[in-house]
Amino acid sequence: MGNAVSAAIAIVLGVGGVLVLFWGLNAAVERLPKQQEEMLKPYVFVGPSLAIVGLFLLYPSILTVWFSFQTNVGTPAQEFTLDNYVYLFTDGALHSALINNLLWIIVVPAGAVAIGLLVAVLADRLKPTAEKISKALIFLPMAISFVGASTIWLFIYAWRPPGVEQFGLLMAIAELFGRVPAEPILQMTQFRLNNFALMAVMIWLQAGFAMVLLSAAIKNVPEDTIEAARIDGASEIQIFWRVTVPQIKSTIVVVGTTILILVLKIFDVPRVMTSGDFDTNVIANIYYDQAFTFGNRGRASVVVVALIFMTLPFMYLNIKRFREQEANR
Amino acid sequence: MSAQTTAPPEEELEREALKPSKDEGDSASWGARLTLALVCIIFTIPTLGLLISSFRPREDIISSGWWTVFTGNVNFSLDNYTAVLDEGMGTAFANSLAVAVPATVIPILAAAFAAYAFAWMDFRGREFLFVIFVGLLVVPLQVAFVPLTQLFNAVGIQSDFLKLWLAHTGFGMPLAVYILRNYIGSLPREVIESAKVDGANHFATFWRLIMPLSVPALAAYAIFQFLWTWNDYLVALIFMTGGEEVVTVTLAELVGSRGQDWHLLTAGAFISMTVPLIVFFALQRFFVRGLTAGSVKG
């Protein structure tokens with residue numbers, strides 16, 4: 001109850017405060033001579049948002065880079081060091097996690113795009129109602145939190161020793177074939193198999209997103225290009241690969257990279273399902289442990305610096321695409 | 001996606017995304033139908049199994065598969081839900097609402113003002129400043145946690161809720177400005193000009209004209225941000241240190257400490273999913289729009 005009241009107060013103060021701030025600033029610049037008013041007003045409108053991202057994202061980014069060169073961050077003994085970078089380049093556990101991250105960013109975007117594409121293409125040929133229902137079913141996991149999804153899949157993967165009745169769906173199917181493994185799937189470290197079991201959760205979550213965007217792109221493919229190929233005697237599969245896919249390539253790239261950026265920072269799923277044990281650790285989890293379990297902020301910062309480096313190409317691509325789009329306006 | 005589309009095509013996108021195609025369709029072969037049905041079943045079963053299990057007694061869940069309810073092993077009750085609500089899920093549910101609603105409402109207005117300026121006002125550094133927002137869309141949130149923890153300590157912010165509202169406001173801002181600017185920028189120029197001719201200043205134009213016209217984009221962003229904050233685990237884990245918890249944190253803790261108590265986990269997971277699922281079913285249209293517009297979020 002107290003929470004509801006304080007939340008209500010926060011909304012009123014937050015929204016009211018923002019309004020009063022803008023109204024006040026606006027009134028203040030309106031008292032200036034016309035020319036100065038016109039010059040300053042845009043900055044009044046942009047200022048608060050800019051200040052917020054400056055304080056919450058820009059300034060922390062600079063500080064993080066700075067911290068990555070420091071030891072004993074936040075204590076009087078803080079001083080310059082390169083130890084964090086030595087850690088970054090030599091630590092075995094961190095490198096094992098990096099390999100996992102690499103697998104994640106290859107497998108999950110590919111899997112989600114493949115399933116999304118499959119559903120988008122097949123559902124397109126159904127009657128409207130059937131199409132709508134099948135799309136909604138694939139899309140529904142999108143609304144579920146990563147923690148909720150992890151719980152759902154822990155239940156799917158639930159394992160009991162061979163001979164005992166299985167209540168987890170996957171092991172029950174294995175039991176049908178008389179092949180219940182001697183250990184739970186999430187502990188199978190051979191070929192990092194357990195990592196793929198975690199990735200399946202993320203593919204399940206993201207396929208709907210891929211489907212929605214790809215489906216819209218497919219519907220925008222001009223019908224006459226497909227007709228022409230059909231008249232030329234192309235099979236449906238040839239039409240798909242040679243006519244449809246080339247025309248939706250840019251959407252495939254956007255969807256793939258969006259999921260890739262999300263997966264690069266994957267944290268919740270391994271954290272909840274395995275705690276990063278059994279060779280399933282990922283860099284975002286190492287970051288969390290360094291920063292908040294071991295309190296080693298220098299090491300935590302160097303891990304984030306590595307993450308920032310990995311996102312830089314995508315930042316560049318986004319900005320480039322934005323510029324092109326502006327040029328076409 | 002939005003990276004290549006301004007608002008009107010995006011709107012089309014979203015309108016078409018979950019809707020059936022205009023041509024009557026129904027040209028699917030039986031192989032295609034079968035494949036699609038199989039994918040749909042595989043995607044639905046995990047959630048369905050969880051839902052069914054959440055109504056079964058503790059002993060039943062771990063002694064027989066949930067699918068046995070279809071062969072007569074039916075023994076449903078709401079006991080698991082009462083039990084998990086007593087385990088803190090009830091409080092956590094209220095806390096999640098108290099975090100997500102303000103964290104959704106507060107950033108919108110500031111973002112809308114900025115979006116209007118970026119779209120319709122001329123000033124030095126306009127493109128450069130907007131590019132900062134575009135670049136920040138993919139910055140990993142991890143950059144902010146350690147510095148913000150120090151900042152909150154230095155300024156003396158005690159309330160966990162206030163920390164989360166502020167953090168989510170900051171993290172959601174680039175996307176909000178980006179989506180709203182794309183939408184507001186696509187409004188017809190004549191509308192804005194006519195307001196100027198009528199003598200309205202920028203503030204009045206924004207408040208009386210732009211805001212009402214932007215309701216679809218505002219709603220799309222609001223839903224997206226609400227689901228994001230409701231489903232967030234990491235930010236809450238880091239900033240809620242004073243003993244209060246949100247649903248994701250409570251659920252993750254239950255998994256860690258009571259991993260074998262499936263009667264609690266299934267019911268708990270489903271409680272955590274109720275609000276997003278309601279939002280999903282009620283506002284699917286807007287949700288898709290938020291998603292298509294927000295696909296570059298980092």
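How much area is buried between chain A and chain B? Colour the two chains differently and look at where they meet: about 10800 Å² is buried there, and carbon and sulfur atoms give 75% of that area. Keep in mind as you click around that this is a predicted model.

**Stop 1: the contact between the chains**

Select the residues of each chain that touch the other. You should pick up 113 residues from chain A and 124 residues from chain B. Now show A:Phe45, A:Phe56 and A:Phe155 as sticks. In chain A, these three lose the most area to chain B, and together they account for 7% of what that side buries.

Next, go hunting for charges. Between chain A and chain B there are 2 salt bridges. One of the residue pairs to zoom in on is A:Glu326 with B:Arg181, which form a salt bridge whose closest N and O atoms sit 2.8 Å apart. Polar contacts cross the interface too, with 11 residue pairs found.

Which helix of chain A gives the most residues to the side that touches chain B? Select residues 34-67 of chain A: that's helix H2, and it supplies 19 residues. Taken as a whole, chain A's side of the contact splits into 70 nonpolar, 22 polar and 21 charged residues.

**Stop 2: a phenylalanine in chain B**

Stay around B:Arg181 and select B:Phe130, since B:Arg181 is one of the residues B:Phe130 touches. B:Phe130 belongs to helix H5 of chain B, residues 126-136. Is B:Phe130 buried or exposed? B:Phe130 is buried, because its relative accessible area is 2%, and the cut-off for buried is under 20%. Beyond four places away in sequence, B:Phe130 touches B:Phe118, B:Val177, B:Tyr178 and B:Arg181, plus A:Phe322 from chain A.

For a bit of scale, draw a line from the C-alpha of B:Phe130 to that of B:Leu218. The two are 88 residues apart in sequence and 19 Å apart in space.

**Stop 3: the rest of chain B**

Zoom out and switch chain B to cartoon. There are 14 helices and 0 strands. Chain B has 298 residues, and buried ones make up 62% of them. Look at contacts in chain B between residues at least 6 apart in sequence: 77% of these join residues at least 24 apart.

**Stop 4: the domains of chain A**

Over in chain A, colour residues 2-67 one way and 91-327 another; these are domain 1 and domain 2 in the domain assignment. The centres of the two domains, taken over C-alpha atoms, are 37 Å apart.

Now select A:Gln206, in helix H8 (residues 193-219). With 5% relative accessibility, A:Gln206 counts as buried. Leaving out neighbours within four places in sequence, the residues in contact with A:Gln206 are A:Ala112, A:Met142, A:Phe146, A:Ile259 and A:Leu262.

**Stop 5: two backbone oddities**

Most residues other than glycine have a negative phi. Here are two to check against that.

Select A:Arg192, in the loop between helix H7 (169-176) and H8 of chain A. A:Arg192 isn't a glycine, yet its phi is positive, at about 55°. A:Arg192 is buried, with a relative accessible area of 18%.

Finish with A:Ser275, in the loop between helix H12 (268-273) and helix H13 (283-293) of chain A. Phi of A:Ser275 is positive too, near 60°. What about its surroundings? A:Ser275 is partly exposed, with a relative accessible area of 43%.

Note on methods:
Residues numbered from 1 in each chain as written. Chains lettered and ligands numbered in written order. Predicted model: local features only at pLDDT ≥ 70, side-chain atom pairs only at ≥ 80, totals over all residues. Heavy atoms only, no water. Contact = heavy atoms within 4.5 Å. Buried area = accessible area lost by both parts, 1.4 Å probe. Salt bridge = Lys/Arg side-chain N within 4 Å of Asp/Glu carboxyl O. Polar contact = N/O pair within 3.5 Å; in protein donor to acceptor, adjacent residues only side chain to side chain. Helix = DSSP H or I, 4+ residues; strand = E, 2+ residues; numbered from the N terminus. Nonpolar A, V, L, I, M, F, W, Y, C, P; charged D, E, K, R; others polar. Domains from an automatic or database assignment. Buried < 20%, exposed > 50% of the residue type's maximum accessible area, 1.4 Å probe, protein only.
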